[in-house]
Each structure stands twice: as structure tokens, then as C-alpha cells.
Amino acid sequence: MSKIFYKTEEEIDLIRESSLLVGKTLAEVAKNIKPGVTTLELDKIAEEYIRDNNAIPGFLGLYDFPNTLCASLNSAVVHGIPNNKPLKDGDIISLDCGVLKNGFYGDVAYTFEVGEVSEEIKKLLRVTKECLQKAIDVAIAGNRIGDIGYAVQHHAETNGFGVVRELVGHGLGRDLHEAPEVPNFGKRGNGLTLREGMVIAIEPMINMGVRNVVQDKDGWTIVTKDGKPSAHFEHDVAIRKGKAEVLSSHEFIEEVLNNKN
Ligand code: MG
Ligand code: MG
């Protein structure tokens with residue numbers, strides 16, 4: 001996956017449509033996140049919503065992944081498989097979702113609080129979201145991939161958190177994972193130059209404790225080595241001059257969350 005596919009405006013329009021549908025799907029799911037619900041129930045809601053909107057769940061069957069959502073609980077970073085265990089008050093659940101529509105993928109992640117979570121966890125979620133925004137702020141034509149990684153790493157580590165290195169953001173288009181890789185760590189001014197027409201998924205994965213991760217026995221779930229919680233937020237972004245265009249949106253989700261409180 002080394003060739004970069006630069007997108008036309010028409011293609012970017014289609015990726016935006018897919019990306020927005022993922023945000024709306026996660027908003028539909030968000031309505032149902034509460035203690036007692038299972039991630040398999042949430043997965044079903046997501047799959048139905050995507051199919052009702054004439055799209056295909058992007059993860060289901062891809063690399064043989066068994067579900068529509070990746071549902072990663074507490075110390076799970078990413079790639080968790082939905083299951084029958086009820087969520088508990090104080091948990092966090094990271095949901096990552098993709099859709100394929102009109103031949104193009106959208107890919108969005110958001111970490112949700114279940115019931116009332118600790119102040120420490122609230123800080124982890126806030127900082128991870130800030131890392132994503134700081135990365136988007138420097139994702140402009142002429143800057144380098146390393147500028148994105150630096151922005152995430154610097155903000156996370158300044159706050160005492162660990163940055164996962166084994167998993168990275170990526171180009172996005174007709175394939176879910178295209179070149180280039182978009183690491184969440186790096187040096188300013190280093191790496192590939194960002195150019196107009198590139199569409200990338202930026203997705204910081206930030207750990208409350210050490211940055212190290214291990215793979216669970218299930219062969220999918222990536223968990224923190226120290227068992228502390230991890231957060232994950234993801235947007236799809238088109239590289240432009242001066243300011244990145246965020247193609248996806250967390251606003252649908254946050255509208256639901258604000259109405260819950
Ligand atoms: Mg994703
Ligand atoms: Mg992704």
C-alpha cells in the first residue's frame with residue numbers, strides 16, 4: 001500500500017457522504033449507550049442503520065472481521081469484537097465504524113462514557129480529542145506527515161499520557177486503508193509532504209498509562225500492556241491549502257450526548 005491515490009473533488013464528495021453516514025450511525029448507536037446494554041446490541045443497531053441508508057458496513061468481513069463495529073472496552077485500544085457482556089457504569093467504550101457507499105469508505109471513531117466516569121478518564125477523553133484537533137490543525141498542504149504525528153505526541157505526552165505506535169492513521173478512499181500511513185508520533189518537518197487531493201483518516205490512540213500494547217488471545221483486540229484505559233477518536237480529512245477540510249463529523253454524536261445529560 002505505497003501508492004497514494006489523489007482524489008478528485010467528485011471523489012472527495014463521495015468520501016464526505018460516506019464519512020457523514022458513519023457519524024450519523026454512531027449517533028444512532030450513542031442513543032443506546034448506557035449501563036446494561038451489550039456491544040452486540042449496539043453492533044446490530046449500527047448494521048441496520050447503515051443498511052437502511054443504502055450502504056454496506058465497511059468493517060464486516062474485511063480482513064475477516066466478524067462485525068460492523070469495533071467495540072473496545074476500557075483497556076482495549078482498538079479492534080475489539082462486540083460481545084454479550086453488559087456495559088457497566090464507569091466504563092468507557094471506543095466504537096470504530098466504517099461504511100462503504102458509492103464505492104468509497106468513511107471511517108470514524110469515538111470513545112463514549114458509560115454512566116458516570118472518573119475525572120481521570122474524562123481528562124483522557126478530552127486530551128485525546130484535543131490531540132485529534134491539533135493534528136487536523138496542521139494537516140494542510142505543504143506540511144509533513146511528521147507535523148501531524150508531532151502534534152498528537154506532544155499534546156498527549158505533555159499531559160502524561162502514552163501514544164500507541166503500533167497502529168496508525170491512513171489514507172482512505174476506494175480502500176479503507178490506503179497509503180500513506182499517518183502515525184500519531186513523529187518529528188516536525190519530517191516525512192511525506194501533504195498535498196491537495198490526499199484524504200487521510202487521523203486517529204490518535206492515547207493510553208492513560210504506558211504506550212505499550214499487546215494483542216488479546218482472541219487474535220483481534222489490542223489492549224494496553226498495563227491494563228489502564230485507552231481512548232480513540234478519528235476523523236476523515238481532505239488536505240487543502242491553508243486549512244484541512246474535515247469530511248466526517250462528531251456533531252451528530254455530540255448532539256445526542258448533550259440531550260442525554
Ligand atoms: Mg476507524
Ligand atoms: Mg481508521
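1. D107 is the residue that bridges the magnesium ion (ligand 1) and the magnesium ion (ligand 2), and the two ions lie 3.2 Å apart. The pair D107 and E234 links distant parts of the chain: D107 belongs to strand β5 (residues 104-113), E234 to the loop between β13 (230-232) and β14 (235-238), and 127 residues separate them. The model under discussion is a predicted one, and the points below should be read accordingly.

2. The magnesium ion (ligand 1) has as its protein donors D96 (OD), listed twice, together with D107 (OD) and E234 (OE). These donors lie 2.0 to 2.5 Å from the ion. Along the sequence, the donor residues of the magnesium ion (ligand 1) show the spacing D-x10-D-x126-E.

3. The magnesium ion (ligand 2) is coordinated by D107 (OD), H170 (NE2), E203 (OE) and E234 (OE), with distances of 2.1 to 2.2 Å. The spacing of its donors along the chain is D-x62-H-x32-E-x30-E. Here too the chain is brought together from distant parts: E203 sits in the loop between β9 (199-202) and β10 (205-207), E234 in the loop between β13 and β14, and the two are 31 residues apart.

4. On the accessibility of the metal-binding residues, D107 and E234 are both buried. For E234 the relative accessibility is 0%, so E234 counts as buried. E203 has a relative accessibility of 6% and therefore also falls under the 20% limit for a buried residue.

5. A separate point concerns T128, which is located in helix α3 (residues 119-137). Its relative accessibility is 0%, so T128 counts as buried. Which residues does T128 contact, once its neighbours within four places in sequence are left aside? They are P204, I206, A231, H232 and F233. For one of these contacts the separation is available: T128 and A231 are 103 residues apart in sequence, while their C-alpha atoms are 6.6 Å apart in space.

6. The next points concern helix packing. Two packed helices are described by the angle between their axes and by the distance between those axes. Helix α1 (residues 9-30) packs with helix α2 (residues 39-52) at an angle of about 140°, and their axes are 9 Å apart. The angle does not exceed the 145 degrees required for a roughly antiparallel pair, so α1 and α2 are classed as oblique. Their crossing is right-handed.

7. In the interface of α1 with α2, the residues contributed by α1 are L21, K24, T25, E28 and V29, and they meet L42, I45, A46, Y49 and I50 of α2. By class, this contact comprises seven nonpolar, one polar and two charged residues.

8. How do the axes of α1 and helix α5 (residues 251-260) lie, and at what angle do they cross? They come within 7 Å and cross at roughly 20°. Because this angle is under 35 degrees, α1 and α5 count as roughly parallel to each other. The crossing in which α1 passes α5 is right-handed.

9. The contact of α1 with α5 involves L20, G23, K24, L26, A27 and A30 on the α1 side, and F252, I253, V256, L257 and K260 on the α5 side. Its composition by class is eight nonpolar, one polar and two charged residues. K24 of α1 appears in this contact and is also listed in the contact with α2.

Key: Residues are numbered from 1 along each chain as its sequence is written. Chains are lettered from A and ligands numbered from 1 in the order in which they are written. This is a predicted model: local features need pLDDT of at least 70, side-chain atom pairs count only at pLDDT 80 or more; totals for chains, interfaces and linings use all residues. Side-chain values use heavy atoms; hydrogens and water are left out. Axes are lines fitted to C-alpha atoms, for helices over the stretch in contact, and angles run from 0 to 180 degrees between N-to-C directions. Helices (H or I, at least four residues) and strands (E, at least two) are DSSP runs, numbered from the N terminus. Angles under 35 degrees count as roughly parallel, over 145 as roughly antiparallel, 65 to 115 as roughly perpendicular and the rest as oblique. A crossing is left-handed if the near helix is turned anticlockwise from the far one by less than a right angle, and right-handed if clockwise. Contact means heavy atoms within 4.5 Å. Ala, Val, Leu, Ile, Met, Phe, Trp, Tyr, Cys and Pro count as nonpolar, Asp, Glu, Lys and Arg as charged, and the others, Gly among them, as polar. Donors are N, O and S atoms within 2.8 Å of the metal (3.2 Å for Na, K and Ca); water is not among the atoms, so sites may look incomplete. Buried means under 20% relative accessible area, exposed over 50%, partly exposed in between (1.4 Å probe, protein chains only).
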